[in-house]
Amino acid sequence: MKGKIRIPGPAKVMYATYLTALAISIYVGFNNLHPFLEGWRYPWQMSIAQFVNLVTIWIVALTAGVYIYYATLGKPKGWNEPMAWYRIVLALLAIWYFLLTYAVLLPNSWMKWLNDAFGGIANTWKTYDVFLWIVLLANIIYIYARWTKSERFPRLRAAAKGEGV
Amino acid sequence: MEGKGVTRRQFIKYAGATAALLGLSQSLVPEIARALEELTSGKPPVLWIQGQNCTGCSVSFLNTNFPNAAELVLDKLSVRYHPTVMAAAGDLAFGVLEETAKELAGKYVLVVEGPIPTAEDGEFCTFGLEKETASFNGYQRRKDKPMTVWMEELVPGAAAVIALGNCASFGGIPAANASVTGTKPAQEIVKEISKDKPVINIGGCPSHPDWFVGTVLDYLINKRVPELDKHNRPKAFFGKLIHENCERRASFDAGLFLEDWNDNNPDFKLCLFKMGCKGPVTYADCPTRRWNSGVNWCVGANAPCHGCAEPTFYKELSPLYEPLPNVNFLGINTTAETLGWVAAGATAVGIGAHYLYKQLGKKAPEGGEE
C-alpha cells in the first residue's frame, strides 16, 4: 500500500505553469530548427514565435529557480512528494535550457559569452538541438516515473477528492 | 621604380591602394612604400612547391591585382620555382630548387601548396628524380623523388614556411575521412624536420590572393612573422568570424532563413544558415574583403559559406549543405534529429514495457473495482 502523497497548492500551480511554458518553448524551439511549415514563412510568424519562446523560457527559468528554493531552503511542512532529487535535476536542466535558448535567440545579447565558449553560433545551435530532445525526454520520463509512485498507478484516472496525487 | 617610368606620386598612390586592399591604415602608406621598394630591390627568393593539391590556390594567386601576379612573380618577388607558371622543366627546374636550398639557405621563403602524403614512403606524390637508381619493370631508372624528401631538403634552409590553402595548412580534402595516402598538413612535417621553423597557415579553398600577398608584405614591413592565431593563421585576415560581418546577419537575427532552394525570393537575402552556411564557425574576412578584386563572395552569390578557412574543413564541416555539423560523441556520429528520434523511441518502448509489466502483474483489488 503506497502512502498518501501531499503536495502544497502553490507547488502544484508552479509545476503546471512550468510544464505549460516548457511545452510551448519546446514546440517553438523545434519549429525554429526544423520548421513544421514548409517553404516561405512570413517575418511576423517568426517574430511571434521568437517572442513566445523568449517569454516561455523566462517562465521556465523563474519557476525552476523558485522551485529550487522551495524544495531546499523554504520547504513547507507536509510536502512528502517522492522524487525530489529528479525535480531538482529538472530545475537545473531548465535553467541551462534557458541560457542555451537565450544564446540561440539573441546571440549578441548578454549571452554572447556562451556562443564564444562554444566556438560560434552554429555549435550553440547544435547543442540546443540536442538539449531540446534531452529536456523533452527527461520531462516525459519524469511524468511517467512520478505516476508510478502515485496511488493510482497503473490506473489512468483523475485523483478522487482527498486522494493523494 | 624610376627606371620603369613610375613617378613618386604614382608610386605613393599605388602604395595607398595596396594599403586599402589589405585593410591597413593610410598612416602605414610610407611603410608599405618602403616594403614595395625593398621588394623591388631585394627580391626575396621564393620556392613554391606543390603536394596533393588541385592548383586552385595557384590559380587564385594569379588573380591578384595589387600588385598583379606577373609583377609580383617577376619584379617584386624572386619566385624561383613554381611548377604552374615557370617556363623551365625537368632537371633544369629541379636544379634551381636544389641550388637555392644550398646558396640561399636562411633567406628564401618556402611556399607549400597542398598537403604531403606520407604512406608508402611518400610515393603517392613525387616530382623530380633522385640520384640513385632502382629497378623498374626490369629496367634501371632513377627513383622518383617524393614530396617528403623535398621537404627534408628545403625546410631546414627556409626563413619561413607558408602553407598556402586549407589542404597544406590543415590537410583539407585529401586528409578528410579515410585518407589512404597518409596525408599530413605542412606544419606537421615541418615540425618533424625542424621544430622551431616558423609556419604560417593561410587557409581557404582556395586561399585569397590578398591573404598571401598581404602576409608577405606584412613580413617585409615588420621584419617578423605576423601576429598569428592559435591555428597559426595571420590574425589580420583570420581574426573575425564571418558571421559577425555577414551582409545577411540581419536576417539571421530576425529569424529569416532560406529553407528551400526553390524559394523565389532571392532578393530578400535570407540567412543561409539552415542551408549549411558555416559562417558562424568560420574565421576569415571574406564578407569585407570579398573575392575577385572585391566583386562578390560566396554568401553574396547565394551560396552558403563552407568554412574552407577552418582547420575542421572538410571532415567536420561536411555535409556541406546540412544546416548543422553532426553530433560526434562517444563514437556516435549522427544528426541531433536522428539521435533524438532514436532516444524518443527507446523512451516510449521503456515506458510501455514498464507499464505493461506493472499492469499485467497487478492483482485485482479485493471487493472488485472501486
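B:Asn232 sits in the loop between α10 and α11 (235-238) of chain B. Helices and strands here are DSSP runs: H or I over at least four residues for helices, E over at least two for strands, numbered from the N terminus. B:Asn232 is not a glycine, yet has a positive phi of about 65°. B:Asn232 is partly exposed, with 19 other C-beta atoms within 10 Å. The cut-offs: a residue is buried with 20 or more other C-beta atoms within 10 Å of its own, exposed with 12 or fewer, and partly exposed in between, the C-beta atoms being placed from the backbone.

This is a predicted model, in which local features need pLDDT of at least 70 and side-chain atom pairs count only at pLDDT 80 or more, while totals for chains, interfaces and linings use all residues. Residues are numbered from 1 along each chain as its sequence is written, and chains are lettered from A and ligands numbered from 1 in the order in which they are written.

**Backbone features of chain B**

B:Arg290 also has a positive phi, of about 60°, without being a glycine. Its loop runs between α14 and β10 of chain B. B:Arg290 has 17 C-beta neighbours inside 10 Å and counts as partly exposed. B:Tyr314 lies in the loop between α14 (286-289) and β10 (327-329) of chain B. A cis peptide bond joins B:Phe313 to B:Tyr314, with omega about 10°. Another cis bond links B:Cys205 and B:Pro206, with omega about 0°. B:Pro206 is placed in the loop between β9 and α10 (209-222) of chain B.

**Strands of chain B**

Chain B holds 15 helices and eleven strands. Of its 370 residues, 39% count as buried. Contacts mean C-beta atoms, placed from the backbone, within 7 Å. Among contacts in chain B between residues at least 6 apart in sequence, 66% join residues at least 24 apart.

Five strands make an open sheet in the order β2-β1-β3-β7-β9 (chain B), paired in parallel. Its edges are β2 (78-81) and β9 (199-202) of chain B, each pairing on one side only. Neighbouring strands of this sheet are turned by 25° against each other on average, direction ignored. Pairing takes at least two DSSP bridges between two strands. Strand β7 (residues 160-164) of chain B runs parallel to β9(B) and is joined to it by four bridges. B:Leu164 stands opposite B:Ile202 in β9(B).

Strand β5 (residues 126-136) of chain B is hardly covered: zero of its eleven residues are buried. β5(B) pairs antiparallel with strand β6 (residues 139-146) of chain B over six bridges. B:Ala134 has B:Arg141 in β6(B) as its bridge partner. The two strands β5(B) and β6(B) form a hairpin with two residues between them, and B:Asn137 in the turn has a positive phi of about 55°.

**Helix packing**

Chain A has five helices and zero strands. Of its 165 residues, 25% count as buried. In chain A, residues 24 or more positions apart account for 72% of the contacts with a separation of 6 or more.

Helix α5 (residues 121-148) of chain A appears in each row below. Axes are lines fitted to C-alpha atoms, for helices over the stretch in contact, and angles run from 0 to 180 degrees between N-to-C directions.

| Helix pair | Axes come within | Crossing angle |
|---|---|---|
| α3(A) and α5(A) | 10 Å | roughly 155° |
| α1(A) and α5(A) | 10 Å | roughly 150° |
| α5(A) and α15(B) | 9 Å | roughly 5° |

Angles under 35 degrees count as roughly parallel, over 145 as roughly antiparallel, 65 to 115 as roughly perpendicular and the rest as oblique. Thus α3(A) and α5(A) are roughly antiparallel. Their crossing is left-handed, a label for a near helix turned anticlockwise from the far one by less than a right angle, with clockwise giving right-handed. The residues in this contact of α3(A) with α5(A) divide into 14 nonpolar, four polar and no charged. Ala, Val, Leu, Ile, Met, Phe, Trp, Tyr, Cys and Pro count as nonpolar, Asp, Glu, Lys and Arg as charged, and the others, Gly among them, as polar.

The crossing of α1(A) and α5(A) is left-handed too. Its contact residues include A:Phe30 of α1(A) and A:Leu132 of α5(A). The split is seven nonpolar, two polar and one charged.

Between the chains, α5(A) and α15(B) are roughly parallel. Residues making the contact include A:Trp133 and A:Tyr144 of α5(A), and B:Ala343 and B:Ile351 of α15(B). They divide into ten nonpolar, two polar and two charged.

How values were computed
Contact = placed C-beta atoms within 7 Å.
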